[in-house]
Amino acid sequence: MSKASRRFHRTLLLGLAALAALVWVAVEQFGIARQDMVDLLLGTLMIAGGAIALAALCAVIWIGLRKLLQRGSDR
């Protein structure tokens, strides 16, 4: 495993550990219910997934239109 790969994996692991610690603190210290945290997580994942899907759809439409316009100008 290369040095860059080890560094990437270490950073990813530390980031996930920090996220888990933040969620734990929110649940334990501030009294946020676990179900509320699960609802927030699922809502965030759905919105992020929707944004990614919308961006992919826009990119596909953009590329398709560009190819159609290029094909029309070749004739």
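A pocket is an open set of points, on a 1 Å grid over the protein atoms alone, where a 1.4 Å probe fits, with protein on both sides within 12 Å along at least five of seven lines. In this predicted model, local features need pLDDT of at least 70 and side-chain atom pairs count only at pLDDT 80 or more, while totals for chains, interfaces and linings use all residues. Residues are numbered from 1 along each chain as its sequence is written, and side-chain values use heavy atoms, without hydrogens and water.

**Largest pocket**
- The volume of the largest pocket, taken as the space filled by probe spheres set on the grid points, is about 270 Å³.
- Its lining (residues with an atom within 4 Å of a point) includes Trp-24, Arg-34, Met-37 and Thr-44.
- H1 and helix H2 (34–74) are the elements that give two or more residues to this lining, helices being DSSP runs (H or I) of at least four residues.
- H2 supplies the largest share of the lining, 7 residues.

**Salt bridge**
- The structure holds 1 salt bridge (a side-chain nitrogen of Lys or Arg within 4 Å of a carboxyl oxygen of Asp or Glu).
- Arg-34 and Glu-28 form a salt bridge through their side chains, at 3.6 Å from N to O.
- Arg-34 counts as exposed because its relative accessibility is 59%, whereas Glu-28, at 43%, counts as partly exposed; exposed means over 50% relative accessible area, buried under 20%, and partly exposed in between (1.4 Å probe, protein chains only).

**Helix H1**
- Leu-12 lies in helix H1 (residues 3–28).
- With 42% relative accessibility, Leu-12 counts as partly exposed.
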